There are 4 protein chains.
Amino acid sequence: QPSIALISRAFKHQLIIPEFQEFTDHIEDIYWKCKDNTNGTVASYIPQLKRMSPNYWGVSICTCDGQRYSIGDTAIPFTIQSCSKPLTYGLALDLLGDKVVHKFVGQEPSGRNFNELILDYNKKPHNPMINAGAILICALLKTTVAPEMTLAEKFDFTMNYFERLAGREDIGFNNAVFLSEREAADRNYALGFYMREHKCFPDNSNFKECMDFYFQCCSLESNCDLVSVIGATLANGGICPLTEEKVLKPESVRDVLSLMHSCGMYDYSGQFAFKVGLPAKSGVSGCLLVVIPNVMGICLWSPPLDHLGNSCRGVQFCEELVSRFNFHRFDNLKHASNKSDP
Amino acid sequence: QPSIALISRAFKHQLIIPEFQEFTDHIEDIYWKCKDNTNGTVASYIPQLKRMSPNYWGVSICTCDGQRYSIGDTAIPFTIQSCSKPLTYGLALDLLGDKVVHKFVGQEPSGRNFNELILDYNKKPHNPMINAGAILICALLKTTVAPEMTLAEKFDFTMNYFERLAGREDIGFNNAVFLSEREAADRNYALGFYMREHKCFPDNSNFKECMDFYFQCCSLESNCDLVSVIGATLANGGICPLTEEKVLKPESVRDVLSLMHSCGMYDYSGQFAFKVGLPAKSGVSGCLLVVIPNVMGICLWSPPLDHLGNSCRGVQFCEELVSRFNFHRFDNLKHASNKSDP
Amino acid sequence: QPSIALISRAFKHQLIIPEFQEFTDHIEDIYWKCKDNTNGTVASYIPQLKRMSPNYWGVSICTCDGQRYSIGDTAIPFTIQSCSKPLTYGLALDLLGDKVVHKFVGQEPSGRNFNELILDYNKKPHNPMINAGAILICALLKTTVAPEMTLAEKFDFTMNYFERLAGREDIGFNNAVFLSEREAADRNYALGFYMREHKCFPDNSNFKECMDFYFQCCSLESNCDLVSVIGATLANGGICPLTEEKVLKPESVRDVLSLMHSCGMYDYSGQFAFKVGLPAKSGVSGCLLVVIPNVMGICLWSPPLDHLGNSCRGVQFCEELVSRFNFHRFDNLKHASNKSDP
Amino acid sequence: QPSIALISRAFKHQLIIPEFQEFTDHIEDIYWKCKDNTNGTVASYIPQLKRMSPNYWGVSICTCDGQRYSIGDTAIPFTIQSCSKPLTYGLALDLLGDKVVHKFVGQEPSGRNFNELILDYNKKPHNPMINAGAILICALLKTTVAPEMTLAEKFDFTMNYFERLAGREDIGFNNAVFLSEREAADRNYALGFYMREHKCFPDNSNFKECMDFYFQCCSLESNCDLVSVIGATLANGGICPLTEEKVLKPESVRDVLSLMHSCGMYDYSGQFAFKVGLPAKSGVSGCLLVVIPNVMGICLWSPPLDHLGNSCRGVQFCEELVSRFNFHRFDNLKHASNKSDP
């Protein structure tokens, strides 16, 4: 059911990817190439993740004008895990403004292999893409935004926002993952208590509820197809290309993309920014949300992870993609020697 | 003397900044606003820098199709200092390829306030924008590229490359600054010896000559007007918009811009990438080279520096600029609420 | 009620401090000198500590042959806090042997100002004198020693050991302090969870009970007079000079004294070892347990703390003491120019 | 040629080690035991060290009353290398006082595996036992003590002091080692320049001369027999037991022993203080100077080093020694269960 706007643009030959079929032939080609990659191991710290087949591999694309393409296991649900971090960060920016948000959390990479337990020199977590920062973002959403809401109400409110990002499709919740995550969360509790000691939390925070809210956001469940729409909403300045709803302000999206670019791929972030040059966020379930600003959102999903925690097939896909197309942030639009402009 | 290509594009109304006059009115407005900023102190570790008037303030612009604009002290010569780092890095990439270059130097920010003396986990300097990395880049240019050249020949060769970046205009050399830098360089010698201990240098390097070559590159002398052309060459994928000469390969330029984006502003790099979102490199003489990819190069020059070593007026200018125009790397091109697309 | 052994040695003129009266005249003199020191502030993170008068100041001495001297507020109860750390460490050594104990905790200072949250390079806490290490020692006592005991039984067992160290006098327990400590313990919970994440705890540990046991050991209550007897037991190779009971093996005591020497005074440990040269352990209640091996135990107590957490009057007392007597570990016994051998 | 004092004490049965023959039987026994240890590798960064046979193994002892014993390769000359550090430190303390000396260098261990290039939080090297600190001690001796002396005169002056420590025996100088050390000293030049950048050196220091003086002190040449006399002078509070000359003040010796105890064995210092509990200093030539305060000096020499830079046979010898005798600093003199008091 393509939107009227899409049909109209198609008639006027104004689509962002004019030769979409030709482009998706490339995508399919890369898909099969990466399928052969059997590196990496599935996360095993909780049984629900451990059970995932290492063979799952899906790629979904949604352009800023709503053209879509999917191949592979794109309808199988997975928990979005750390891919929720840029989204809760965006919501906090939209509701509280960047001044308030960045009183509590920094805006910079933390340096490779730098122990994430340590706060930055202002006694704040380095950025909202790492666990410490994302916990504080959840605390802000829980405590500072509409503090009168119960945890249940705040969860509904947030899930509704995720659904609007995804074109008003249903987002699920995996309660077994939530319970397991909460159980296995020594590192996150250590971070939480350490930040509480350093007075990082907003006033009146309920520590236990904030932690629970964080684990709940990580346990939201979706699939490749829908997450690519979320990516397209970010690529499109906060307006969902399917519903044309303005979900986020453009300046919130700008900040989200900036930090996905510099901090979204764990300790591989610096390398990824250099080699691939696209804003992205990976999660422990094997999902990888990639944004090509003004062009498209991509979701890649495959459970086997490399030693830094990123999906092996997902990273390979990104590297292939920018070697064929001028999508690297700093590719020159006119003079990139041997790359296509799709 | 505008080029024929420029005239031709102007006739066809295809200029990158169609309303150039209106745009430069904004630039002039920001120029005067920043002029009032009297923060910062002039670098004083060598007498030649210390003597510079804190009142100097110049802004020059050169677009990818060669439109130019200058205001203030744009013809007064200054040494380019650390602004040479992205340029020598680009030359090394072009001549040796990224595989060889990045065997010797990393590609990532080092983390804020991280002591620059320490090498990264592969025992390499973190990136070519910090002193340690730039020293190694100079060692590669001296030792691995055409090793039969004498130091004098290699210096001529490199100066010639800088001149081609600047549209074949003359680049000078300030010998007094070179001698003073070499004298005052405790930190750089410490870095050099530390790296030599860890076998960071290419084989057959002559340590003293490599250090001298590095100090010479920092002592190249130019002015705002010319440096903006260098910026335009980078913005234009390595082809100088004035001479249409292909000085650098597009893929070399992509890597240069990536690292200027993440590492070009000393310990302010992370903040700058977040707030301004443009590749830039600052130097201790107060110069600031800014690149808006596919659009223009900008040189800002004013000697007073903030405590992190960046030109106070230069940084303010950049922040004003992106608040008016959608130049931030992650501004949405269609939906940036209250910004103009010039 | 002096022991027969003491009387007998006194008759034979074999006392460790033959001119005890003359010696205690010096002690009294130093006592009054330090009384004037009004530096420091009383710990305030829990109300029970905050309420303590900053004027309290007591000094008690007990020699290895049982001669005793007290001046000032030496009968007022205080919680021993971190002074429990060397004692639980000694108990663990005695019951489990150093091989088992040091599988779980290191033996070295952590480096000045080094963030205590970080484990050492073997993923163990640096030593048993810092919180992380002491928590593990408590986990060993709770989990590995007689695991069939309930928490209540284990607490009784441990309190009994403290009483034997103190010459079979009653040791108290301050339940209000325990409850407050447990409430205010963000840092300790952060440490605990961080160590649990890194599998630092012995198998089958009950995390909550181990933490509670640690807080209980810190909340044991005693006074200056009794703690000096504990010090004398350590000075005497583990045999209480009052009861002649062998409470600890000499090799356990050796290890306890070694680590008190290098790590007992928080971030001042290195300076203290250099200037004073005596094994000591300070606690946040203002107590300071000092051991002069083969000679005497000293307890100093005064609540105002310096910025590193050590009792101001306590540290001053130690410095005065070693400037008059050849008690510094590395004072030469024959040739220390202007010091007395008491 | 035993001294009259020694003969007199022997007649009065007042010797420190009354049963010397029995004691040296133990020493010989340990000597042969360690002889079998073929671990470790000879230092190879300069040819003069690399050429040393890994079979060399010597042990010499000199007590505070002048009893002496040697076994093995105790007359073969070696350069004392880092064993010069406590001695130049002692000389600086004696001539300038601890206040002046410790304005330039700290008094604490630097923390295990902590990169030695980094200065402590007061921008001083951590202590005089590491290269950075020892370079500054040499700068003080060269620049602040009798600055009118030429480098040659200052070297003679210092060598003379070493000879007085060694009972007025000749100390040599290995010029080939000096020249090689100076050539191979990337790390030390890095340290030197880094400290010069941070204004660590005393005013008016001649950088090159200070570095040369440091390398010269490391290149002094002696043998096991003589170095044990130096150890005995330290054990005896600064008075050489052979000549009865007062070479160092007791308070200087106290500070030297304190820092040998906490920092003398490179990254093994903490472990060594815990397990062996004796002040010691090792050098890259395989020498190990051990002091048992008030009792004796020991020199152990064997070129093969472990991965931390300490002589393998030397460390083993120390561990055997304290397992048989109550020499550990915190062994109880009366109650050490199964150890002898020789």
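How many bridges pair strand 1 (residues 58-63) of chain D with strand 8 of chain D, and in which sense do the two strands run? This tour of a predicted model starts there.

**Stop 1: strand 8 of chain D**

Select residues 58-63 and 296-301 of chain D. Strand 1 and strand 8 of chain D pair in the antiparallel sense, over 6 bridges. Within this pairing, V59(D) stands opposite L300(D).

Now add residues 287-292 of chain D, which make up strand 7. Strand 7 also pairs with strand 8 of chain D, again antiparallel and over 6 bridges. Here L289(D) has C299(D) as its bridge partner. Strands 7 and 8 of chain D form a hairpin with 3 residues between the strands, and N294(D) takes a positive phi near 70° in this hairpin.

Show the side chains of strand 8. M296(D), I298(D) and L300(D) point one way, G297(D), C299(D) and W301(D) point the other way, and all are buried. With 6 of its 6 residues buried, strand 8 of chain D is therefore largely enclosed by the rest of the structure.

**Stop 2: a hairpin in chain B**

Move to chain B and select residues 58-63 and 68-72. These are strand 1 and strand 2 of chain B, which run antiparallel and are joined by 5 bridges. C62(B) stands opposite R68(B). The hairpin has 4 residues between the strands, and G66(B) takes a positive phi near 95° in it.

**Stop 3: an open sheet in chain C**

Select strands 3, 4 and 5 of chain C. They form an open sheet in the order 3-5-4, with antiparallel pairing. Strand 3 (78-79) and strand 4 (172-173) of chain C stand at the edges with a single partner strand each, so one side of each is left without a neighbour in the sheet. Between strand 4 and strand 5 (residues 220-222) of chain C there are 2 bridges, in the antiparallel sense. To find the register, look for F173(C), which stands opposite L220(C).

**Stop 4: aromatic rings**

Over all chains there are 74 aromatic pairs. For one of them, select F193(A) and F207(A): the pair is tilted, with 4.7 Å centre to centre and 45° between the planes. The pair links distant parts of the chain, since F193(A) lies in helix 8 (residues 186-197) of chain A and F207(A) in helix 9 (residues 207-218) of chain A, 14 residues apart. Both F193(A) and F207(A) are buried.

Extend the selection to the cluster that ring pairs link together. Its members include Y189(A), F201(A), Y214(A) and F215(A), along with Y189(C), F193(C), F207(C) and F215(C).

Add R196(A), which lies over the face of F207(A), at 4.8 Å from the ring centre. Then switch to chain D, where the charged end of R196(D) sits over the ring of F207(D), 4.9 Å from its centre.

**Stop 5: the assembly**

Zoom out and colour by chain. Which chains are joined by no contact? Chain B and chain C are one such pair, and their closest C-alpha atoms lie 15 Å apart. Chain A and chain D are also without contact, with closest C-alpha atoms 15 Å apart.

Next, superpose chain B on chain A. The operation is a rotation of 180° with 0.0 Å of shift along its axis, and the RMSD is 0.0 Å. That is the relation of a two-fold axis. Of the interface residues of chain B, 100% are also interface residues in chain A, so the copies meet through the same surface.

**Stop 6: confidence**

Finally, colour by pLDDT. Chain A averages 92, and 95% of the residues score at least 70. For the complex, the predictor gives an ipTM of 0.87 and a pTM of 0.89.

Notes
Residues are numbered from 1 along each chain as its sequence is written. Chains are lettered from A and ligands numbered from 1 in the order in which they are written. This is a predicted model: local features need pLDDT of at least 70, side-chain atom pairs count only at pLDDT 80 or more; totals for chains, interfaces and linings use all residues. Side-chain values use heavy atoms; hydrogens and water are left out. Contact means heavy atoms within 4.5 Å. Copies are superposed by least squares on the C-alpha atoms of residues with pLDDT of at least 70 in both. Rings of Phe, Tyr and Trp (its six-membered ring) pair if their centres lie within 6.5 Å; planes under 30 degrees apart count as stacked, over 60 as edge-to-face and the rest as tilted. Buried means under 20% relative accessible area, exposed over 50%, partly exposed in between (1.4 Å probe, protein chains only). A charge sits over a ring if NZ of Lys or CZ of Arg is within 6 Å of the ring centre and within 35 degrees of the ring normal. pLDDT is the predictor's confidence in each residue, from 0 to 100. Two strands pair if DSSP finds at least two bridges between them.
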